[in-house]
Amino acid sequence: RLKCKNCQRKFSVTVGTIFENTKIKLGDWFVAVYICTSHNKGISSLQLASDLNVTQKTAWFMLHRIRKALKEKAPQVLSNIVEADETYYGGAEKNKHKDKKTKGTQGRNAETKTPIFGLVERQGKVIVAPVSDVKGNTLKGIINTTVMPNATIVTDEWGSYNGLSVNFKHLRVEHGKGEYVNGIAHTNTLEGFWSLLKRGINGIQHSVSKKHLHRYCDEYSYRYNNRKTIAVERFVTSLENLECRLTYQQLIQK
């Protein structure tokens, strides 16, 4: 059991969590957790390796263990005004060499990109995760299990959101017609999160595989959902929740 000198808060770190069977110093783990939870865009494995004087492979493994532990333990329930939107992660076709471009994959297309679906409560928390597709059954299934009935849902004009008015008050903005704000109807909050996620990955990690994308979503969601707490508080809360352990074999398995 430990005590934080800054906030005088007592907390306990469970033995046998992400620190189990590791040769890495506990102090190095604490540094990695603090940086991962306090820096707005996290840290790359190359930079962490340099800071801790470990190999890039070790730093990469440490960060993935931390990201897995940062995943919300219980599903969030959103209410009031909730924005729903989807985005795609992957290389832009315009940036690819001519012989590597795939025709007809601009916009909403999962052939060369990974779709990510997000929900955010105004002034509240965000829930994001990669999805297999952006069909109505997939998106509405997530909404129905994470949003309180009778809440206000704001979306764009994408057809997969048709039928939400059965359980929710459904407002729309017509992005295709150049409409982005109509009274309280807009998805700007979630668009802001997409910007944080993509700029962070492109600027820090540079490239993320589809296999591990969900953990980066968990990392960025955790920082966003705890944005109103100071860095020390986020660090302490993170240490209390490091209860799951990711082995290296689990990490690299196909």
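**Exercise 1. Find which residue Arg223 pairs with in a salt bridge, then see where that leads.**

*Solution.* Start with the pair itself: Arg223 makes a salt bridge with Glu219, and their closest N and O atoms sit 2.7 Å apart. That is inside the cut-off, which asks for a side-chain nitrogen of Lys or Arg within 4 Å of a carboxyl oxygen of Asp or Glu. Keep in mind that we're working on a predicted model.

Next, place the two residues. Both belong to helix 6, four residues apart, or about one turn of the helix. Then check burial: Arg223 and Glu219 are both buried.

Last, look for shared partners. Salt bridges with partners in common link Arg67, Glu219 and Arg223 into one network.

**Exercise 2. Work out which parts of the chain the salt bridge between Arg67 and Glu219 ties together.**

*Solution.* First, the contact: the side chains of Arg67 and Glu219 meet in a salt bridge at 2.5 Å, N to O. Now for the location: Arg67 is in helix 3 (residues 56-70) and Glu219 is in helix 6 (residues 213-225), so this pair ties together parts that are 152 residues apart in sequence.

How about accessibility? Buried means under 20% relative accessible area. Arg67 has 2% relative accessibility, so it counts as buried. Glu219 is buried too, with a relative accessible area of 0%.

**Exercise 3. Say how many salt bridges a search of the whole structure turns up, and describe the one that Glu83 forms.**

*Solution.* The search of the whole structure gives three. For Glu83, the partner is Arg122, with 2.5 Å between the closest N and O atoms. Glu83 is in strand 3 (residues 81-89), while Arg122 is in the loop between strand 4 (114-121) and strand 5 (126-130), so the pair ties together parts that are 39 residues apart in sequence. As for burial, both Glu83 and Arg122 are buried.

**Exercise 4. Is strand 4 mostly covered or mostly uncovered, and which strands does it pair with?**

*Solution.* Count the buried residues first: eight of the eight in strand 4 are buried, so to speak of the strand as mostly covered is fair. Then split them by direction. Thr114, Ile116, Gly118 and Val120 point one way, Pro115, Phe117, Leu119 and Glu121 point the other way, and all are buried.

Now go through the neighbours:

- Strand 3 runs antiparallel to strand 4, and eight bridges join them. Glu83, for instance, has Val120 as its bridge partner in strand 4.
- Strand 5 also runs antiparallel to strand 4, with five bridges joining the two. Here Leu119 has Ile127 as its bridge partner in strand 5.

Finish with the turn. The hairpin of strand 4 and strand 5 has four residues between the strands, and Gln123 takes a positive phi near 65° there.

**Exercise 5. Describe the lining of the largest pocket: how many residues line it, and which element gives the largest share?**

*Solution.* Begin with the volume, about 400 Å³. The lining comes to 22 residues, and those nearest the centre of the pocket are Lys71, Glu72, Ile127, Val128 and Asp218.

Step two is to sort by element. Strand 4, strand 5, helix 4 (136-146) and helix 6 each supply at least two lining residues. Helix 6 gives the largest share, with six residues.

Step three is to sort by chemistry: 13 of the lining residues are nonpolar, six are polar and three are charged.

Note on methods:
Residues numbered from 1 in each chain as written. Predicted model: local features only at pLDDT ≥ 70, side-chain atom pairs only at ≥ 80, totals over all residues. Heavy atoms only, no water. Buried < 20%, exposed > 50% of the residue type's maximum accessible area, 1.4 Å probe, protein only. Pairing = 2+ DSSP bridges. 1 Å grid on protein atoms, 1.4 Å probe; cavity = no way out; pocket = protein on both sides within 12 Å on 5 of 7 lines; lining within 4 Å. Points joined across faces, edges and corners; volume = space filled by probe spheres on them. Nonpolar A, V, L, I, M, F, W, Y, C, P; charged D, E, K, R; others polar.
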